[in-house]
Amino acid sequence: MHELAITQSILDIARKVADEHGAKRVKSVRIMLGEYSGVVPQCIQDYFDVISKDTVVEGAFLDIRRLPVIIRCNSCQKESRIDRLHVVCPLCGSTDLKLLHGREFYIESLEVE
């Protein structure tokens, strides 16, 4: 349910930016979302469609881009990309890993008119 609060924040930021730039409407919002962020993209989209009604953001395209999980293996010291189902170093098989990227969640850009 935290996606509703997150989506409200996205909407607030988009409205503020549109206001600051004297924009009539927000055309698109690009979101960068790490695989381990814990955020469900479809929930963000569904909430966005509902709570943006009757605002300058209504009808904006929500472009959610997934960011990969990047780890550093503490055993072999190599950085690698892994997926959510295989949480081991793909080079040496170790599970002694440090997460470098994959929890990100941010607005990368807005397009306004």
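This passage describes the overall fold, the nonpolar cores and a few individual residues of the protein shown above, which is a predicted model.

The protein is built from two helices and six strands. Read from the N terminus, these elements follow the order α-β-α-β-β-β-β-β. The C-alpha atoms occupy a box of roughly 55 × 25 × 15 Å along the principal axes. The radius of gyration is 18 Å, whereas a compact globule of 113 residues would have a value near 13 Å. Of the 113 residues, 32% count as buried. The accessible surface comes to about 7,000 Å², and carbon and sulfur atoms contribute 51% of it. Among contacts with a separation of 6 or more, 71% join residues that are 24 or more positions apart. As for charge, there are 15 positive and 17 negative groups, and the mean positions of the two sets lie 5 Å apart.

Turning to the interior, the largest nonpolar core holds 16 residues, and the members that touch the most others are Ile10, Val26, Val29, Ile44, Phe48, Val57 and Leu62. At least two residues of this core come from each of α1 (2–20), β1 (26–34) and α2 (41–51). Helix α1 provides the largest share, with five residues. A second core, separate from this one, has six residues, including Ile71, Cys73, Ile82 and Leu97.

Val29 gives a good view of how the larger core is put together. With residues up to four places away in sequence left out, Val29 touches Ile10, Ala14, Phe48, Phe61, Leu62, Asp63, Ile107, Ser109 and Leu110. Ser28 is located in strand β1. Ser28 counts as buried because its relative accessibility is 17%, under the 20% limit. Beyond its neighbours within four places in sequence, Ser28 is in contact with Ala60, Phe61, Ser109, Leu110 and Glu111. Phe61, Ser109 and Leu110 are thus among the contacts listed for Val29 and also among those listed for Ser28.

Helix α1 also carries Asp12. With a relative accessibility of 39%, Asp12 counts as partly exposed. The C-alpha atom of Asp12 is separated by 28 Å from that of Val69, which lies 57 residues away along the chain.

The loops offer some further points of interest. Asp54 sits in the loop between α2 and β2 (61–67). Asp54 is not a glycine, yet it has a positive phi of about 65°. Asp54 counts as exposed because its relative accessibility is 75%, over the 50% limit. A positive phi of about 65° is likewise found at Gln77, again a residue that is not a glycine. Gln77 belongs to the loop between β3 (69–73) and β4 (79–82). The relative accessible area of Gln77 is 48%, so this residue is partly exposed.

Arg103 is placed in the loop between β5 (97–101) and β6 (105–112). Its relative accessible area of 62% makes Arg103 exposed. Even so, Arg103 touches Gly34, Tyr36 and Ser37, not counting residues up to four places away in sequence. Arg103 and Glu113 are ten residues apart along the chain, and their C-alpha atoms are separated by 31 Å.

Technical notes
Residues are numbered from 1 along each chain as its sequence is written. This is a predicted model: local features need pLDDT of at least 70, side-chain atom pairs count only at pLDDT 80 or more; totals for chains, interfaces and linings use all residues. Side-chain values use heavy atoms; hydrogens and water are left out. A nonpolar core is a set of buried Ala, Val, Leu, Ile, Met, Phe, Trp, Tyr and Cys residues joined through side-chain atoms within 4.5 Å. Buried means under 20% relative accessible area, exposed over 50%, partly exposed in between (1.4 Å probe, protein chains only). Helices (H or I, at least four residues) and strands (E, at least two) are DSSP runs, numbered from the N terminus. Contact means heavy atoms within 4.5 Å. The radius of gyration is taken over C-alpha atoms; the globule rule is 2.2 Å times the number of residues to the power 0.38. Accessible areas come from the Shrake-Rupley method with a 1.4 Å probe; for residues, only the protein chains shown count as cover. Lys and Arg count as positive and Asp and Glu as negative; His and the chain ends are not counted. The place of a charge is taken as NZ of Lys, CZ of Arg, CG of Asp or CD of Glu.
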